[in-house]
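This report describes the fold of one protein chain and then turns to its charged residues, with attention to how they are paired and how far they are covered.

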Amino acid sequence: MKTLDNIVNEAYNVFSGNKPGEYLDACTHCCMKESNAELLKSIPLRQIPIELLKEYQDAAKPVKLNLSELKYFAPKYLEFLSKQEYLSYEPLLSLDRFGYFDREGWTKEERQLLDDFSILFFREYLNTKNHENFTTPIEILLMFYKGKFDIQPLLDEWEKCTSTESLLHFNQLLDEINFNQHREPKVRNAFSDETFSELICSWLFARKIKEKFKNQIEQTLLEPGESLSESDKENLSRKYEIII
């Protein structure tokens, strides 16, 4: 079975034919120092420090980006993310450069590699309770959504998860949902949009998903061996009331 490290190493090979252009797609007037832009182009890709790539990622961008430039840096993006080291002041913006390009801009091999990475990354995220850099499930899903990754396979992955950790993340997900006066749900994150909110809420409140988590909550709360805090148990009980 592939690991994130396997995919990252594969990415260095798959994207190896790309190079940045003469000028990077990053504002060097007020966002990124010119000296850092030159350093980013000249330093060996595997040696790029996260601070330099974050400066590039968060810099103002032109309307149209150079895809070959992004493909050149793509393996380094995946390498940092595989360690849950996010590339923006807002973790959910870590892949927004990828969102400038439609799926057709990538070869079949490149797209498969990126999709495999997103699924495995999300699987590991779901099955881990304490993350070194705290991020919510909505932030992770938005990160991939804004990078124009297909997030339905990530939700499908969640549906298959049975770990207590994934259930606690479900708890966090429901904390990100607001209900209007008609009891209609909506994702409340400021970076969300109607399409994303509808996709998440349609999945979350589908009958089979509610049934899956309802049963899992019942089993978890009744299992004497579960080492959950009283706070976690209370939160799960409250969420149970929402989905029944």
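## Basis of the charge pairs

A salt bridge is taken here as a side-chain nitrogen of Lys or Arg within 4 Å of a carboxyl oxygen of Asp or Glu. The model is a predicted one, and by this rule its count comes to 17 salt bridges.

One of these pairs is formed by Lys-2 and Glu-10, whose closest N and O atoms are 2.9 Å apart. Lys-2 counts as partly exposed, with a relative accessibility of 42%, and Glu-10 is likewise partly exposed, at 26% relative accessibility.

## Overall fold

The secondary structure of the protein chain comprises 11 helices and 2 strands, and along the sequence these elements follow the pattern α-α-α-α-α-α-α-α-β-β-α-α-α. The radius of gyration is 20 Å, close to the 18 Å that the globule rule gives for 244 residues, so the protein chain is as compact as a globular protein of that length. Along its principal axes, the C-alpha trace spans about 60 × 40 × 35 Å.

Of the 244 residues, 51% count as buried, while the protein chain exposes about 12600 Å², of which carbon and sulfur atoms supply 48%. Among contacts with a separation of 6 or more, 73% are accounted for by residues 24 or more positions apart. The chain carries 31 positive and 42 negative charges, and the mean positions of these two sets are 2 Å apart.

## Salt bridges in and between helices

Lys-71 and Glu-110 meet through their side chains in a salt bridge with an N to O distance of 2.8 Å. This pair links distant parts of the chain, since Lys-71 belongs to helix α4 and Glu-110 to helix α5, with their positions 39 residues apart in sequence. Both Lys-71 and Glu-110 are buried.

Within helix α7 (residues 152-160), Lys-160 and Glu-157 are 3 residues apart and are therefore separated by about one helical turn; they form a salt bridge in which the closest N and O atoms are 3.6 Å apart. The two partners differ in cover: Lys-160 counts as exposed because its relative accessibility is 60%, above the 50% cut-off, whereas Glu-157 is buried, with a relative accessible area of 8%. Elsewhere, salt bridges that share partners join Lys-76, Glu-79 and Lys-83 into one network.

## Buried charges without a salt bridge

Arg-97 is placed in the loop between α4 (67-82) and α5 (108-126). Although Arg-97 is buried, it has no salt bridge, and the nearest side chain of opposite charge, that of Glu-69, is 4.4 Å away. Not counting residues up to four places away in sequence, Arg-97 touches Asp-25, Ala-26, Tyr-56, Gln-57, Ala-59, Lys-61, Leu-65, Glu-69, Leu-70 and Tyr-77.

Glu-55, in helix α3, is also buried without a salt bridge, and the nearest side chain of opposite charge, that of Lys-33, lies 6.5 Å away. Leaving aside neighbours within four places in sequence, Glu-55 is in contact with Cys-31, Met-32, Lys-33 and Asn-36. Helix α3 (residues 50-58) has further buried residues, including Ile-50, Leu-52, Leu-53, Tyr-56 and Gln-57, and the buried residues of this helix pack against α2 (34-42) and α4.

## Partly exposed charged residues

Lys-41 lies in helix α2 and counts as partly exposed, at 22% relative accessibility. Residues touched by Lys-41, not counting those up to four places away in sequence, are Pro-20, Gly-21, Glu-22, Tyr-23, Leu-24 and Tyr-72. Lys-41 and Phe-73 are 32 residues apart in sequence, and their C-alpha atoms are 9.8 Å apart in space.

Glu-211 is placed in helix α10 (residues 207-222) and, with a relative accessibility of 38%, counts as partly exposed. From C-alpha to C-alpha, Glu-211 and Pro-44 are 50 Å apart in space, and in sequence they are 167 residues apart.

Technical notes: Residues are numbered from 1 along each chain as its sequence is written. This is a predicted model: local features need pLDDT of at least 70, side-chain atom pairs count only at pLDDT 80 or more; totals for chains, interfaces and linings use all residues. Side-chain values use heavy atoms; hydrogens and water are left out. Helices (H or I, at least four residues) and strands (E, at least two) are DSSP runs, numbered from the N terminus. Buried means under 20% relative accessible area, exposed over 50%, partly exposed in between (1.4 Å probe, protein chains only). Lys and Arg count as positive and Asp and Glu as negative; His and the chain ends are not counted. Contact means heavy atoms within 4.5 Å. The radius of gyration is taken over C-alpha atoms; the globule rule is 2.2 Å times the number of residues to the power 0.38. Accessible areas come from the Shrake-Rupley method with a 1.4 Å probe; for residues, only the protein chains shown count as cover. The place of a charge is taken as NZ of Lys, CZ of Arg, CG of Asp or CD of Glu.
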